[in-house]
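Visitor: I'd like to learn how to read a structure like this one, feature by feature. Could you walk me through it?

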Amino acid sequence: MMKYLMAIIFLTPILFNYWLMMHIIMLMCFIFMSSNICYSFINSYGDLLGLDMLSYSLVSLSYFILFLMMMASFKIYLNKDNLIMFGLVLLLMLISLMLTFCSLNMFLFYISFESSLIPTLFLIFGWGYQPERILAGYYLLFYTLFASLPLLLGIFYIDSMVNSLDFWIINFEDLNFYLYISMIMAFLFKMPMPFFHFWLPKAHVEAPISGSMILAAILLKMGGYGLIRVYLFMGSYSVSFNYIWISLSLWGSLIVSFLCLFQVDVKSIIAYSSVAHMSLVICGIMSFNCYGFSGSLIMMIGHGSCSSALFCLANIIYERSYSRSLFINKGYLLSMPSLSLFWFLLCSNNMSSPPSLNLSGEIYLINSVMSWDFMTFIFLGILSFMSCCYSIYLFSMTQHGYLYSGLVYLSSVSIREYLLIMFHLIPLNFMILKFDIFALFI
């Protein structure tokens with residue numbers, strides 16, 4: 001693991017070369033994916049860092065999305081908009097994500113978990129579009145930090161009781177409800193859980209394309225990763241309280257799904273749909289069975305690719321119309337017919353159509369939640385129907401209708417943009433052929 005961290009650090013001399021850095025990150029991604037054999041047990045690289053299937057999947061996704069973020073941010077290269085600083089922020093982001101997903105020590109995990117917030121804020125503040133980005137950054141910062149201080153206090157308390165902060169060694173019986181809440185609230189806010197999700201749509205709408213991609217694809221998954229890790233030693237205690245979070249998530253995701261149909265901002269629809277999908281992941285983790293844990297990982301990987309690609313499509317039309325409004329962005333079936341195919345495929349994948357990873361993840365999650373309580377089928381059925389509704393709403397509103405007459409000139413879609421969407425689509429729809437490997441970490 002250290003060799004990959006060192007390789008990232010030694011990328012700093014080539015920050016001035018946009019293309020070289022992007023290709024080296026892509027190469028590192030494929031080297032990492034091909035050279036690390038996944039086992040069901042932890043593959044340790046020392047006392048502090050190690051990999052299992054859960055870590056391996058999310059680190060691979062981090063590498064892949066970072067490479068695609070550079071490909072999507074071509075305007076920064078074109079306008080020479082603090083390109084070296086942008087590359088440095090991405091490298092810091094990659095280091096903090098790798099440390100988060102590979103930490104065996106809880107305190108190191110906490111530090112890297114919180115440090116990933118800083119590059120995200122820099123992306124929103126430095127390369128955001130509207131003046132409202134300051135408010136969006138404050139929302140992101142204070143929502144996350146509000147729940148993070150109890151987590152730090154809980155970690156100190158565990159260290160004083162057990163004299164160890166290793167995830168795989170911690171085992172003690174002196175658990176209480178306050179410690180339980182302090183250990184999981186930071187992760188629930190990060191995912192985010194419905195009713196604590198207000199920072200996410202604001203951050204997505206104001207962030208540049210790179211910020212939206214990393215938020216949707218990776219940062220929301222850190223909450224699910226943290227929950228799974230914390231439940232290694234809190235599982236037996238928390239079973240009796242999980243009905244609270246499952247009920248909140250099911251009810252909240254139902255409300256959020258209806259909210260999607262009232263949005264007139266393209267990025268806002270995709271952001272709210274992310275909340276609905278991640279609430280299903282919370283339900284799967286809280287149901288405490290093998291289907292739930294496997295399905296949550298599959299759903300996190302699938303949603304990371306699908307949601308990131310939808311934000312890329314939204315950015316492609318934003319770069320041409322300079323608006324995110326559905327009232328202006330209409331009729332692209334006439335002006336960009338080839339891109340409409342990608343809109344259709346990704347909106348279909350967003351509603352968990354075959355053969356996407358989202359489908360297998362949703363099947364696992366629905367099985368796990370219904371095995372927890374059969375009556376949840378009412379909520380799950382309406383949720384599946386609503387995901388179909390807002391996905392079709394997004395597709396039909398952007399592709400059909402009359403093209404806005406104020407758009408004097410629409411440039412054609414470049415090869416880079418086609419490749420960007422294809423790099424999202426191929427793993428999303430072909431990894432289902434080997435999705436059984438995601439069950440290895442249970």
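Guide: Happy to. Keep in mind that this is a predicted model. Let's begin with the largest cavity: helix H13 (266-286), helix H17 (357-372) and helix H18 (377-399) each put at least two residues into its lining.

Visitor: Which of the helices gives the most to that lining, and with how many residues?

Guide: That's H18, with five residues. The full set around the largest cavity is Ser257, Ala276, His277, Leu280, Glu362, Ile366, Leu380, Leu383, Ser384, Ser387 and Tyr390.

Visitor: Why would a helix put residues like these on one side?

Guide: The general idea is that an α-helix has 3.6 residues a turn, so residues three or four places apart point the same way. Here, the lining includes Leu380, Leu383, Ser384 and Ser387.

Visitor: What volume does the largest cavity have, and how does its lining split by class?

Guide: The volume is about 120 Å³. The lining has six nonpolar, four polar and one charged residues. In total, the structure holds four cavities of 30 Å³ or more.

Visitor: What about the second largest cavity?

Guide: That one has about 60 Å³ of space. H13 and helix H14 (290-321) are the elements that give it two or more lining residues, and H14 has the largest share, five residues. Among the residues around the second largest cavity are Tyr129, Lys267, Phe311, Asn315, Tyr318 and Arg324. By class, the lining divides into six nonpolar, three polar and two charged.

Visitor: How do I check whether the length of H14 makes sense?

Guide: Take the rise of 1.5 Å a residue and compare the expected span with the distance between the ends. For the 32 residues of H14, the expected span is 46 Å, and the end C-alpha atoms are 46 Å apart, so the two agree.

Visitor: Is H14 mostly buried or exposed?

Guide: Count the residues with under 20% relative accessible area. In H14, 30 of the 32 residues are buried, so the helix is largely enclosed by the rest of the structure.

Visitor: What comes right after H14?

Guide: Tyrosine 322 does, with a positive phi near 55°, although it is not a glycine. Tyrosine 322 sits in the loop between H14 and helix H15 (332-335). At 60% relative accessibility, tyrosine 322 counts as exposed.

Visitor: Where else should I look for a positive phi in a residue other than glycine?

Guide: Try phenylalanine 288, with phi near 60°. This residue is in the loop between H13 and H14. Phenylalanine 288 is partly exposed, at a relative accessible area of 26%.

Visitor: Let's move to pockets. What do I look at in the largest pocket?

Guide: Volume, then lining, then class. The largest pocket holds about 450 Å³ of space. It has 17 lining residues, and the closest to its centre are Met33, Ser60, Pro427, Met431 and Phe438. Helix H2 (18-35), helix H3 (53-72), H14 and helix H19 (415-430) each supply at least two of the lining residues, with the largest share, six residues, coming from H3. The lining divides into 13 nonpolar, three polar and one charged.

Visitor: And which residues are the closest to the centre of the second largest pocket?

Guide: First, the volume of that pocket is about 280 Å³. Of its 15 lining residues, Lys75, Ile76, Asn79, Trp127 and Tyr129 are the closest to the centre. H14 turns up again, giving the most to this lining, with three residues. The class split is seven nonpolar, five polar and three charged.

Visitor: How do I spot a cis peptide bond?

Guide: Look at omega. The bond from methionine 191 to proline 192 is cis, with omega near -10°; proline 192 lies in the loop between helix H9 (177-190) and helix H10 (199-206). The bond from proline 354 to proline 355 is also cis, with omega near 5°, and proline 355 is in the loop between helix H16 (337-350) and H17.

Visitor: Last one: how many disulfides are there?

Guide: The test is a pair of cysteine sulfur atoms within 2.5 Å, and the count here is zero. For cysteine 347, the nearest cysteine sulfur is that of cysteine 306, 8.1 Å away. The sulfur of cysteine 388 is 5.9 Å from the closest one, in cysteine 389, which is too far for a bond. Cysteine 347 is buried, at 3% relative accessibility, while cysteine 388 is partly exposed, at 26%.

Notes:
Residues are numbered from 1 along each chain as its sequence is written. This is a predicted model: local features need pLDDT of at least 70, side-chain atom pairs count only at pLDDT 80 or more; totals for chains, interfaces and linings use all residues. Side-chain values use heavy atoms; hydrogens and water are left out. Buried means under 20% relative accessible area, exposed over 50%, partly exposed in between (1.4 Å probe, protein chains only). On a 1 Å grid over the protein atoms alone, a cavity is a set of points where a 1.4 Å probe fits but cannot get out, and a pocket is an open set with protein on both sides within 12 Å along at least five of seven lines; lining residues have an atom within 4 Å of a point. Grid points are joined across faces, edges and corners, and a volume is the space filled by probe spheres set on the points. Helices (H or I, at least four residues) and strands (E, at least two) are DSSP runs, numbered from the N terminus. Ala, Val, Leu, Ile, Met, Phe, Trp, Tyr, Cys and Pro count as nonpolar, Asp, Glu, Lys and Arg as charged, and the others, Gly among them, as polar. The expected span of a helix is 1.5 Å times one less than its number of residues.
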